[in-house]
Amino acid sequence: MHRVPLKASNFIRTNFGDCYVKDVEESNDLFAHLIYKINLISNDIIYHLEFNETGDLVSYETKPLNEDDYFDNEFYGNE
């Protein structure tokens, strides 16, 4: 389980409180800064959010939910 910064967690709770957290991933950008990539699902939409290490939102994208998305990353408990 990845531990996201409190500021990012509060942003998600405030703005996406009704969403399902599909997955959380930690990675580094080109300058080796820590980035948290969080995918949320609500009402057949996937929200791709990226936060920096202090919890500031640095990227935001939405896309329609596809049938294949249901089976990615253990969405339905597939291991």
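N43 lies in the loop between β2 and β3, and at 67% relative accessibility this residue counts as exposed, because the threshold for that class is over 50%. In this predicted model, the phi angle of N43 is near 50°, a positive value in a residue other than glycine. Most residues other than glycine have a negative phi. A second residue with a positive phi is A32, whose angle is about 70° although A32 is not a glycine. A32 is placed in the loop between β1 and β2, where it is exposed, with a relative accessible area of 56%.

## Overall architecture

The protein chain has 1 helix and 4 strands, which follow one another along the sequence in the pattern α-β-β-β-β. Of the 79 residues in the protein chain, 30% are buried. The accessible surface of the protein chain comes to about 5600 Å², with 47% of that area belonging to carbon and sulfur atoms. Among the contacts in the protein chain with a separation of 6 or more, residues 24 or more positions apart account for 28%.

## The nonpolar core

Which residues make up the largest nonpolar core? The core has 10 residues, namely A8, I12, F16, C19, Y36, I38, L40, Y47, L49 and F51. The elements that give two or more residues to this core are α1, β2, which spans 34-42, and β3. In soluble globular proteins, nonpolar side chains tend to be buried together.

Y36, one of the residues of this core, has an extensive list of partners once its neighbours within four places in sequence are left aside: R3, V4, P5, E25, E26, L49, E50, F51, N52 and E53 are in contact with Y36. Two of these partners, L49 and F51, are themselves named in the core.

## Aromatic pairs

A search of the whole structure finds 5 aromatic pairs. A pair of aromatic rings is described by the distance of the centres and the angle of the planes. Two of the pairs, both involving Y60, are set out below.

| Pair | Centre distance | Angle between planes | Arrangement |
|---|---|---|---|
| F16 and Y60 | 6.2 Å | 35° | tilted |
| Y47 and Y60 | 6.4 Å | 35° | tilted |

The pair of F16 and Y60 counts as tilted because its angle of 35° is neither under 30 degrees, as stacking would require, nor over 60, as an edge-to-face arrangement would require. F16 lies in the loop between α1 and β1, while Y60 belongs to strand β4 (residues 57-64), so this pair ties together parts that are 44 residues apart in sequence. The pair of Y47 and Y60 also links distant parts of the chain, with Y47 in strand β3 (residues 45-52) and Y60 in strand β4, 13 residues apart.

How buried or exposed are the members of these pairs? F16 is buried, with a relative accessible area of 9%, and Y47 is likewise buried, at 15%, whereas Y60 is partly exposed, with a relative accessible area of 45%. Ring pairs link F11, F16, Y47, F51 and Y60 into a cluster. Among the members of this cluster, F16, Y47 and F51 also appear in the largest nonpolar core.

## Individual positions in loops and strands

D56 is found in the loop between β3 and β4, and at 28% relative accessibility D56 counts as partly exposed. Not counting residues up to four places away in sequence, D56 touches K7, E50 and F51. With one of these, K7, the contact is also polar, since the side chain of D56 makes a polar contact with the side chain of K7 at 2.4 Å. The C-alpha atoms of D56 and I35, which are 21 residues apart along the chain, are separated by 9.9 Å.

S27 lies in strand β1 and is buried, with a relative accessible area of 16%. Beyond residues up to four places away in sequence, S27 touches H33, L34, I35 and K37.

G17 lies in the loop between α1 (6-15) and β1 (20-28), the loop that also holds F16. At 58% relative accessibility G17 counts as exposed, whereas F16 is buried at 9%. The C-alpha atoms of G17 and L40 are separated by 10.0 Å, with the two residues lying 23 residues apart along the chain.

Key
Residues numbered from 1 in each chain as written. Predicted model: local features only at pLDDT ≥ 70, side-chain atom pairs only at ≥ 80, totals over all residues. Heavy atoms only, no water. Buried < 20%, exposed > 50% of the residue type's maximum accessible area, 1.4 Å probe, protein only. Contact = heavy atoms within 4.5 Å. Phe/Tyr/Trp six-rings, centres within 6.5 Å; stacked < 30°, edge-to-face > 60°. Polar contact = N/O pair within 3.5 Å; in protein donor to acceptor, adjacent residues only side chain to side chain. Core = buried A, V, L, I, M, F, W, Y, C linked by side-chain atoms within 4.5 Å. Areas by Shrake-Rupley, 256 points an atom, 1.4 Å probe, with all protein chains shown as cover.
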